Amino acid sequence: MKLKELDIEVEPLAGAMPAFRAATAPAELSEVCGWAHARRARLVALWGSDETRRGAGFALHVALAFPSGLVWLTAPLDRTSPRYPGIADIYPAANRMQRACADLLGIVPEEGADQRKWLRHGAWPEGTFPLRKDFDADARHAQRPDRYPFVPVAGEGVHEIPVGPVHAGTIEPGHFRFSVVGEKILRLEERLGYKHKGIEKLFESMTLEEGARLAGRVSGDSTVAYAWAYAMAVEGATGTEPPRRALGLRGILLELERIANHLGDLGYLGNDVSLPFGFFQFWRLKETLLRLNARLFGHRYLMDLVVPGGVARDVQRAEAEQLLAQLETVRREVAVLQAIYDEHAGAQDRFIMTGQVLPELAERMGLVGFAARASGIARDLRVDYPVPPYQQVDPRLISHTRGDVAARVSLRFEEVFESIRLIQALVEELPPGAVRAPLARPGPRAAGIGWIEGWRGEVLVALETDAGRIHRLHPHDPSWQNWPLLEHAVHGNIVPDFPLINKSFNLSYSGADL
Amino acid sequence: MYQILKQIARSGIVTEPAPQPDEALRASAQRLGEAILGHFGRALAIRHVDAGSCNGCELEIHAMNSPFTNPEQLGIKFVASPRHADLLLVTGPVSRNMETALRRTWDATPDPKLVVAIGDCGCTGGIFGESYASCGRVSNVIPVDVAVPGCPPTPEAILQGILTALSGKGR
C-alpha cells in the first residue's frame with residue numbers, strides 16, 4: 001500500500017498504534033528523508049542492526065512520524081562496508097543517533113557527517129562494535145584514555161568551565177563544557193554516554209517475557225512509559241490483544257507517572273530559584289501519591305505493572321475511589337501552589353525569558369514532549385493518534401508559545417490538572433473483565449512498534465524477534481531529541497541559571513546513554 | 001507572603017521519626033572502627049554519586065529529602081563536592097564509563113569515609129549485571145560499608161542504610 005504523504009510502498013505493521021514498514025536503498029535514504037521533511041514528517045529515531053546471522057549485512061533504521069502514523073524505514077547496508085548517506089543535514093537530531101550507531105555497530109555515515117564518537121568512551125576499543133552479533137557481551141576490555149574533541153571557543157576573556165560527570169546535586173552523570181565570558185554562557189557542549197551499560201546488547205540475550213523488566217529500567221522515571229511501549233511492541237509482534245480493562249489501567253498508571261514527575265520537578269524549580277517552600281510543598285504532595293501507589297499497586301513508581309499482554313495487577317472500585325479522593329486533594333493543593341508561584345515576583349523574575357527555545361528552533365531541531373509543547377509545537381501522541389484508552393477520554397492538548405522556563409513551569413501545572421481529569425475519566429470508563437491475556441506465539445520473525453507519550457515525551461520501542469527471542473530492540477528516549485536543544489536554550493544566559501534551565505527540561509541520561 | 005505562610009501553617013509538620021539502624025545491611029568485612037567514626041561528630045555530609053543507575057534510585061534519594069523523612073533533622077545534609085563529604089551514597093551498577101569518575105570521587109573524599117551502595121544494582125549489579133559496559137556492584141570498584149537492596153529502596157530504607165553506616169560499635 002501507499003501512504004498519502006509518502007511516495008513509497010509501505011506495509012502496515014500490526015499493533016495498537018498506526019505504523020508501517022518500508023524498505024529503501026541506502027542511496028535513496030537522503031532523498032526519502034528530504035521528501036518526508038518537506039511534508040513536515042519528524043524524525044522519531046534512528047538506529048542500526050546486525051543482520052549477518054540472517055544471511056544479510058547490516059541495516060539502518062529510521063522512524064519518521066507522519067500524520068497517518070509512524071513509518072519504520074529500513075535500508076539494508078553492505079556487510080563489509082556498511083555506509084549510508086547521513087541525514088543530520090535534514091534532521092539535526094540525527095547527529096548523535098548516527099554517532100551512537102557508528103560506535104555500537106560500525107555503521108557510518110558518508111563523509112561530511114560528524115564522525116566524532118558518542119557512546120564509546122574508553123570501555124571498548126575503537127574498531128570493535130558491541131552490537132555486532134560476534135561481539136562477546138561479557139568481554140572486559142582494558143580501559144583506554146577517553147580523548148574527546150570538544151569544540152574550543154577562543155577570544156579575549158573567554159574561559160571554560162568543565163562540569164561533571166559527577167555533578168553537585170543529586171542528578172545523573174554527564175559532562176557539560178561551558179565557554180563563558182564573565183557569567184554569560186557563549187557556548188555549551190554536552191558530552192554524554194557515561195551511563196552506557198549495554199542495555200541494547202542485554203535485550204538480545206532475552207526472551208520477550210524477560211525483556212519487560214529491563215524495559216522498565218531504561219529510564220526509571222519513565223518506567224510505565226517504557227514498559228507500555230515494550231508491551232505494545234511485543235503485543236504487535238505476537239498478535240496479542242490486551243484486554244480493554246488493561247488498557248484503561250495502563251492509561252491510569254501513565255498519567256500517575258506524569259503527575260508524580262511534574263510535581264517533583266515543580267518542587268525543584270521552586271528550590272532552584274530560592275523558594276524552598278515550593279520544594280517541601282510539592283514533595284509532600286508527591287510523597288503522598290507515591291505512598292498511595294505503593295498501597296494500591298505495590299510499587300511507588302509503578303515498576304513492572306505493565307507487562308506484555310496486559311497489566312500485572314487489577315484495581316478494585318474502592319481502591320480507585322481512594323485514588324480519586326487523593327487526586328482531588330492534590331488538585332486543590334496544586335491550584336493553591338500555582339497561584340503562589342504565579343504571584344511570586346522573585347520566582348517569576350528568574351523563570352521569565354530564561355532558557356528560551358523559540359518555536360522556529362524547536363521545530364527545526366525536532367524538540368519533543370512537554371518541552372516542545374511549551375515552545376509552540378502542538379504535538380502529543382495521546383491527541384494525534386487517539387487509540388484506546390485515550391480515544392474515549394479525549395485528552396486536551398496543552399501548549400504555550402514562549403518556550404522559556406516560565407512556559408515549561410506553566411505547562412507542567414496544566415498537565416498535572418489535565419492528567420488528574422484523565423484519570424478520573426479513565427476510572428469512570430474502566431471496562432470490566434480480565435486484565436491480562438496470554439501472549440500469543442510469534443512467527444519465526446516478527447516485528448512490533450511501541451510508541452507512547454511519556455511524561456517527558458514520546459518513547460519508542462522498535463522490536464524484531466527471531467524464534468521467540470529478541471533479535472534487536474531499540475528503546476528510544478525523547479531525551480535524544482531534547483538534549484541538543486538544551487545547548488541552545490542556555491545561549492546568552494548566565495551560568496547560575498543553568499541548573500534552573502536544565503531542571504525545567506529534566507532530561508534522562510540513562511534513557512539516552514543506554 | 002501571606003499565602004505562603006497560610007499554606008505552611010495548613011500543611012503542618014509531616015516529618016516522621018527516623019528509622020533504626022539495621023545490622024543486617026552492614027557489609028561485614030568492611031566495618032569502620034569506633035575511632036574512625038569518632039571523627040565525624042554528629043553532623044554528616046553526604047555526596048551522592050550516580051555511577052550508572054536507571055535513575056530510579058535517584059528518585060528515592062530525592063524523596064528521602066522530602067519533609068516526611070527530612071534527614072536534615074538528624075544533621076545529615078548533601079554537599080556539592082566529595083571534598084566536603086564524609087559519606088558517598090552510590091547508585092547504579094557502575095558503568096565502565098563511570099568507573100574512573102567513581103574512583104576519582106572516592107579518592108577525593110577525605111578519610112575517614114563511608115560508602116553506602118544503594119539499590120539492587122549497587123548491591124549486586126542487578127538486572128544489568130557485569131558486561132562489556134558494566135562493572136556490576138559498587139564494591140567491585142570501591143570499598144563499600146553498607147549495601148541497601150531494593151528496586152529502588154524506599155527513602156526510609158536509604159536513610160536506615162546511612163544510619164547503619166554511621167552507627168558503628170560504641171557510637
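How many Å separate the centres of domain 1 and domain 2 of chain A, taken over C-alpha atoms? With the predicted model open in the viewer, begin by colouring chain A by its domain assignment, which gives domain 1 as 11–109, domain 2 as 158–191 and domain 3 as 241–354 + 389–396 + 406–437. The centres of domain 1 and domain 2 of chain A, taken over C-alpha atoms, turn out to be separated by 32 Å.

**The three-stranded sheet of chain A**

Select next residues 158–163, 175–181 and 184–191 of chain A, which are strand 8, strand 9 and strand 10. These three strands make up an open sheet in the order 8-9-10, with antiparallel pairing. Strand 8 and strand 10 of chain A stand at the edges, each with a single partner strand, so one side of each has no neighbour in the sheet. Looking across the sheet, you should find a twist that averages 20° from one strand to the next. As background to what the viewer draws here, strands of a sheet pair through backbone hydrogen bonds, either parallel or antiparallel.

Zoom in on the pairing of strand 9 with strand 10 of chain A, two strands that run antiparallel and are joined by seven bridges. A convenient pair to label is Val180(A) and Ile185(A), since Val180(A) stands opposite Ile185(A), a residue of strand 10 of chain A.

**Backbone details to inspect**

From the sheet, follow the chain into the loop between strand 8 and strand 9 of chain A, where Pro165(A) is found. The peptide bond that leads from Gly164(A) to Pro165(A) is cis, with omega near 20°. A cis peptide bond also joins Pro388(A) and Pro389(A), where omega is about 5°; to reach it, select the loop between helix 12 (381–384) and helix 13 (390–393) of chain A, in which Pro389(A) lies.

Two residues of chain A deserve a look for their phi angles. Met353(A), which is not a glycine, has a positive phi of about 65°, and it lies in the loop between helix 9 (345–351) and helix 10 (359–365) of chain A. With 13 C-beta neighbours inside 10 Å, Met353(A) counts as partly exposed. Leu514(A), also not a glycine, has a positive phi of about 55° and is found in the segment after helix 17 (510–513) of chain A. Is Leu514(A) buried or exposed? Leu514(A) has 27 other C-beta atoms within 10 Å and is therefore buried.

**An enclosed helix and a covered strand**

Now select residues 244–271 of chain A, which form helix 6, an element of 28 residues that reaches 41 Å from its first C-alpha to its last, close to the 40 Å expected at 1.5 Å a residue. Showing the surrounding residues gives the setting: 27 of the 28 residues of helix 6 are buried, so this helix is largely enclosed by the rest of the structure.

Move on to strand 13 of chain A, residues 447–453, which is mostly covered, with seven of its seven residues buried. In a regular strand the side chains alternate between the two faces of the sheet. Display the side chains, and Ala447(A), Ile449(A), Trp451(A) and Glu453(A) point one way from strand 13, while Gly448(A), Gly450(A) and Ile452(A) point the other way, and all are buried.

Extend the selection to strand 14 of chain A, residues 458–466, which runs antiparallel to strand 13 and is joined to it by seven bridges. A hairpin of four residues connects strand 13 to strand 14 of chain A, and within the pair Ala447(A) stands opposite Glu464(A) of strand 14.

**Chain B and the side that touches chain A**

Finally, turn to chain B, whose secondary structure comes to six helices and five strands, running α-α-β-α-β-β-α-β-α-β-α from the N terminus on. Of its 171 residues, 53% count as buried. Among the contacts in chain B with a separation of 6 or more, 84% are accounted for by residues 24 or more positions apart.

To see where the chains meet, select the 41 residues of chain B that are in contact with 48 residues of chain A. Helix 1 (2–11), strand 1 (44–50), helix 3 (56–64) and helix 4 (96–108) of chain B each supply at least two residues of the side that touches chain A. Which element of chain B gives the largest share of that side? The largest share, seven residues, comes from helix 4 of chain B. Coloured by residue class, the side of chain B that touches chain A divides into 20 nonpolar, 17 polar and four charged residues.

Methods. Residues numbered from 1 in each chain as written. Chains lettered and ligands numbered in written order. Predicted model: local features only at pLDDT ≥ 70, side-chain atom pairs only at ≥ 80, totals over all residues. Buried ≥ 20, exposed ≤ 12 C-beta atoms within 10 Å, placed from the backbone. Contact = placed C-beta atoms within 7 Å. Pairing = 2+ DSSP bridges. Axes fitted to C-alpha atoms, helices over the stretch in contact; angles between N-to-C directions. Nonpolar A, V, L, I, M, F, W, Y, C, P; charged D, E, K, R; others polar. Domains from an automatic or database assignment. Expected span 1.5 Å × (residues − 1).
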